[in-house]
Amino acid sequence: MVKLVMLGLMAASIWVWAIIIDKWMLFSRNKREMDRFEQVFWSGQSLEDLYRTLAGRSNHGMAGIFVAAMREWKRTYEGGARSLAGLNQRLDKVMNVTIAREVERLESRLLVLATVGSAGPFIGLFGTVWGIMTSFQSIAASKNTSLAVVAPGIAEALLATAMGLIAAIPATIFYNKFISQAGRQAQRLEGFADEFSAILSRQIDEQKG
């Protein structure tokens, strides 16, 4: 049983580090892409040109919000809509849905880190308790209390707790770090969506006038 617990904790630890590396790369890539997009967006390039450049790509982050809103904008005008009533609401809805998808993508699998972080030490402790119980049963069966007989079983049992902590500590640290980063990036996306919504709203007012 102790070996089974340790194997499970080892697998959890490998899974945790795979998620940590993947998320580290994702958040770093997202930040670079948002910085690059903001630089291009505020450079004075026309929205139409920027949309044509991005429309054929798979976009995430701010670029994804921009393309989704521009697609809705163009659909309204190219569809020959006679009234612009409701366009603002549709644009806000499209951008909110895109932000929600982005946040879901950023936070995906973070629950695994939270679960390993909270349950790992208890699973390790369970392995330790089970191992010590088995050691005492062996002592009772052999009727030999020498350290050479007791020590290996207890050492193996304590190793289960250590492995639980090895899996849980990085999982907890990086869960807190990534959830904080996801919050900051979500705030940047919402800020951009508000600014872009204001730009489009002004253009709608000009069209009405």
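**Close-up views of a predicted model**

**View 1. Arg109, in the loop between two helices.** Arg109 has its place in the loop between α4 and α5. Keep in mind that this is a predicted model. The phi angle of Arg109 is near 70 degrees, which is a positive value in a residue other than glycine. At 38% relative accessibility, Arg109 counts as partly exposed.

**View 2. Arg109 meets Asp22.** Here we stay with Arg109, whose side chain meets that of Asp22 in a salt bridge, 2.3 Å from N to O. Arg109 lies in the loop between α4 and α5 and Asp22 in helix α1, so the pair ties together parts that are 87 residues apart in sequence. Asp22 is partly exposed, with a relative accessible area of 33%. The salt bridge count for the structure comes to eleven, and two others get their own views below. As a general point, side chains of opposite charge can pair when their charged atoms come close.

**View 3. Asp35 and Arg188, a salt bridge between α1 and α6.** In this pair, the closest N and O atoms of Asp35 and Arg188 are 3.0 Å apart. Asp35 belongs to helix α1 and Arg188 to helix α6, so the salt bridge ties together parts that are 153 residues apart in sequence. How accessible are the two partners? Asp35 counts as partly exposed at 33% relative accessibility, and Arg188 is partly exposed too, with a relative accessible area of 25%.

**View 4. Arg105 and Glu102, a salt bridge inside one helix.** Both of these residues sit in helix α4, three residues apart, or about one turn of the helix. Their closest N and O atoms are 3.1 Å apart. Is Glu102 buried or exposed? Glu102 is buried, with a relative accessible area of 5%, while Arg105 counts as partly exposed at 23% relative accessibility. Elsewhere, salt bridges that share partners join Lys31, Asp35, Glu38 and Arg188 into one network, so look back at View 3 for two of its members, Asp35 and Arg188.

**View 5. Phe126 and Trp130, a tilted ring pair.** The structure holds 14 aromatic pairs, and this is one of them. The ring centres of Phe126 and Trp130 are 5.9 Å apart and their planes are at 45 degrees, so the pair is tilted. In general, a pair of aromatic rings is described by the distance of the centres and the angle of the planes. Phe126 and Trp130 share helix α5 (residues 110–142), where they are four residues apart, about one turn of the helix. Phe126 is partly exposed, with a relative accessible area of 41%. Trp130 is partly exposed as well, at 37%.

**View 6. A nonpolar patch on the surface.** Phe126 and Trp130 turn up again here, joined by Met1 and Leu4 in a nonpolar patch on the surface. Together these four residues have about 420 Å² of accessible area. Where does Met1 sit? Met1 is found in the segment before α1 (2–41). Met1 is partly exposed, with a relative accessible area of 46%.

**View 7. A cluster of rings and the largest nonpolar core.** Ring pairs link Phe37, Phe41, Trp42, Phe66, Phe192 and Phe196 into a cluster. Which residues touch the most other members of the largest nonpolar core? Of its 26 residues, they are Phe37, Phe41, Phe66, Phe192 and Phe196. The elements that give two or more residues to this core are α1, α2 (47–54), α3 (61–78), α4 (87–107) and α6 (147–208). Helix α3 gives the most, with eight residues. In soluble globular proteins, nonpolar side chains tend to be buried together.

**View 8. Asp92 and Phe196, far along the chain.** Asp92 lies in helix α4. In sequence, Asp92 and Phe196 are 104 residues apart, yet in space they are 9.7 Å apart, C-alpha to C-alpha. Asp92 counts as partly exposed, at 33% relative accessibility. Phe196 is one of the rings in the cluster of View 7.

**View 9. Lys177 over Trp24.** In this last view, the charged end of Lys177 sits over the ring of Trp24. How far is that charged end from the centre of the ring? The distance is 5.0 Å.

Note on methods: Residues are numbered from 1 along each chain as its sequence is written. This is a predicted model: local features need pLDDT of at least 70, side-chain atom pairs count only at pLDDT 80 or more; totals for chains, interfaces and linings use all residues. Side-chain values use heavy atoms; hydrogens and water are left out. Rings of Phe, Tyr and Trp (its six-membered ring) pair if their centres lie within 6.5 Å; planes under 30 degrees apart count as stacked, over 60 as edge-to-face and the rest as tilted. Buried means under 20% relative accessible area, exposed over 50%, partly exposed in between (1.4 Å probe, protein chains only). A charge sits over a ring if NZ of Lys or CZ of Arg is within 6 Å of the ring centre and within 35 degrees of the ring normal. Patches are made of residues with over 30% relative accessible area and no salt bridge: like charges are joined within 9 Å, nonpolar side chains (Val, Leu, Ile, Met, Phe, Trp, Tyr) within 5 Å. Accessible areas come from the Shrake-Rupley method with a 1.4 Å probe; for residues, only the protein chains shown count as cover. A nonpolar core is a set of buried Ala, Val, Leu, Ile, Met, Phe, Trp, Tyr and Cys residues joined through side-chain atoms within 4.5 Å.
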